[in-house]
Amino acid sequence: QGPLLMVSQNLDDVVELGRGPGSGRKVKLSIKSFRVSRRQVLGGLAGAVAVGAFRQGFAAIPSPALVLRPSPGRSMLADSGEPTAVWSYGDTVPGPLIRVRQGERVNVRLENGLSQPTSVHWHGIRIENSMDGVAGMTQDPVPPGGEFDYSFVVPDAGTYWYHPHFRSWEQLARGLYGVLIVDEADPPKVDHDLVFCADDWRLTKNNQIDAQSFGQLHDWAHAGRLGNWLTVNGQTDMEYSARPGARVRLRMLNVANARILAFNLGSLPARVVAIDGQPIVSPAEPGNRLILAPGQRADVILDLPGPGPGTYVIQEVSGAEPIEAARIVTQGVAVAAPRPVLDAVALLPNPVPGNFELEDAVVVPLRMEGGAMGRMEGATYKGAYYGIRDLVGKNQAWAFNGVAGLPEKPLASVTRGRTVVVDMINDTRWPHAMHLHGHHFRVIARNGKAISGTPWRDTELVDAGERVRIAFVADNPGKWVFHCHMLEHQAAGMITWLEVDDG
């Protein structure tokens, strides 16, 4: 069987992210063949971020008594021109920052102000199954004008986020997402606690979301919906204000539909202290390419120089040329208080069950197939087998173990408390960010080589041709979705589920 879609490997088949404010370089988006330029807005402190806020006027919203109302709105995503028509929670992109303490209950009412159904998934939270927000699995989709009450306890401290789990490929791309921070009982001492929520948008030359390309097979069968405009906290030129010599906790999230982002923090002394919300045992230097796949997060603690003022740029470096993603501007009275050295900063572990019984584990094979230039000849979809051409006619281009789309039967059904090992083989030409609901897992082997001491994750990037084995204790009863967080891949077949029986 030949490839699903023939593509040429030239620039006209690649969606490039907007490059370098002030560089004068044009942005190429071959799908519509238009060009978008970006310029740098210099000076001022517009958009400064305070502790617990995205930017001036964006206060954190505690729970309870929070209402999320997704509805059409407008947001100034670009640095000039017209505001962008978006969908947003509470008229802001990102939506309201929800902040609670570990062990507290979150109470949120969803009031659907959209013209289509929706839901809210609480990404990374080891949550009660009925509150997971997966439309068609854990709840019915909330219709236009409808309501749904979410109520759950947050067991783990860390950085998480929320987004729809109905037509995610469209609703996230229009701006429906927000950040949820769960504070430790004894958090590390920092002078500034900042959110860095990165997204790439596909905008037209008039700064509007390219809605005509939603559902495009090219995206669904290739790398996903790649944008051409980078924002951090909904802004093109994100600028944080801090004191010279300050210690900063930077909570970094990739909420893009499909783009794998990479960040360079420059020469700032820094340590990664948590991945996907979970503390890591030995904080590590981020290096010059801190990679975040869609859905992934990293908590970084860094020290700013002092005593004088300065400007420190964070670059996005996944492409051929770096982009200025954000900058930290220091001014005012320098921080003089003594503090522990960075290597001594660590977070207390969360209560994630990690006593793996690998000898008695339930081993679940998961072969990823399909996509452009793939070798898949066909797959089962909704109980019937289709050849590749007929399958593509049903907007399905990928499969897990020969099954496209959410199957009627689970990938595996296990008793609560059992160790589960998922053996993932990526037999495609594309990377996939695999996200497991309701649990965190550890990578225990990569390409046949055993690995120990890996961080807890809820989303793991599996590169083309890779084989990755993950392990977790199935301690959370219910039906848990497992899917690629390149959202177009999910929509085009890369979604399954596991069932944990309470026994």
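This is a short walk through the predicted model you have above, from the whole chain down to a few residues.

Okay, ground rules before anything else. It's a predicted model, so local features need pLDDT of at least 70, side-chain atom pairs count only at pLDDT 80 or more, and totals for chains, interfaces and linings use all residues. Residues are numbered from 1 along each chain as its sequence is written, and side-chain values use heavy atoms, with hydrogens and water left out.

So, the whole chain. We have 503 residues, and 59% of them count as buried. Buried here means under 20% relative accessible area, exposed means over 50%, and partly exposed is in between, using a 1.4 Å probe and protein chains only. The chain has 4 helices and 36 strands. Those are DSSP runs, numbered from the N terminus: H or I with at least four residues for a helix, E with at least two for a strand.

About 19300 Å² of the chain is exposed, and carbon and sulfur atoms supply 50% of that. Those areas come from the Shrake-Rupley method with a 1.4 Å probe, and for residues only the protein chains shown count as cover. As for contacts, meaning heavy atoms within 4.5 Å: take the ones between residues at least 6 apart in sequence, and 77% join residues at least 24 apart.

How confident is the predictor? pLDDT is its confidence in each residue, from 0 to 100. The mean for the chain is 88, and 87% of the residues reach 70 or more. Over residues 1-16, though, pLDDT is below 50, and this stretch has 43 contacts in the model beyond near neighbours in sequence. Residues 19-59 also stay under 50, and there the model has 122 contacts beyond four places in sequence.

On to strands. Two strands pair if DSSP finds at least two bridges between them. One open sheet has 3 strands in the order 3-7-9, with mixed pairing. Its edge strands are strand 3 (66-68) and strand 9 (147-153), each pairing on one side only. Strand 3 runs parallel to strand 7 (residues 105-111) over 3 bridges, and valine 67 sits opposite arginine 109 of strand 7.

Now have a look at strand 11, residues 178-183. How many of its residues are buried? 6 of 6, so to speak a mostly covered strand. In a regular strand the side chains alternate between the two faces of the sheet. Here Gly178, Leu180 and Val182 point one way, Val179, Ile181 and Asp183 point the other way, and all are buried. Strand 6 (residues 98-101) pairs with strand 11 in the parallel sense over 4 bridges, while strand 10 (residues 158-163) pairs with it in the antiparallel sense over 5. Valine 182 shows both pairings: valine 100 is its bridge partner, and glycine 158 stands opposite it too.

Strand 35, residues 478-484, is another one to find. It is largely enclosed by the rest of the structure, because 6 of its 7 residues are buried. It runs antiparallel to strand 30 (residues 432-436), with 3 bridges, and histidine 435 is partnered with histidine 483. Strand 36 (residues 495-501) is also antiparallel to strand 35, with 6 bridges; there phenylalanine 482 has threonine 496 as its bridge partner.

Last part: three single residues. Asparagine 254 is in strand 15 (residues 247-254). Is it buried or exposed? Buried, with a relative accessible area of 0%. A polar atom of its side chain lies 2.7 Å from the backbone oxygen of leucine 292 and one lies 3.0 Å from the backbone oxygen of arginine 259.

Asparagine 257 is in the loop between strand 15 and strand 16 (261-264), and it counts as buried because its relative accessibility is 4%. Its side chain makes a polar contact of 2.7 Å with that of glutamate 488. A polar contact is a pair of N or O atoms within 3.5 Å; within protein, one must be able to donate a hydrogen and the other to accept it, and residues adjacent in sequence count only if both atoms are side-chain atoms.

And aspartate 463, in the loop between strand 33 (459-462) and strand 34 (467-473), is partly exposed at 40% relative accessibility. Leaving aside neighbours within four places in sequence, aspartate 463 touches Asn426 and Pro431.

Note on methods. pLDDT = per-residue confidence, 0-100.
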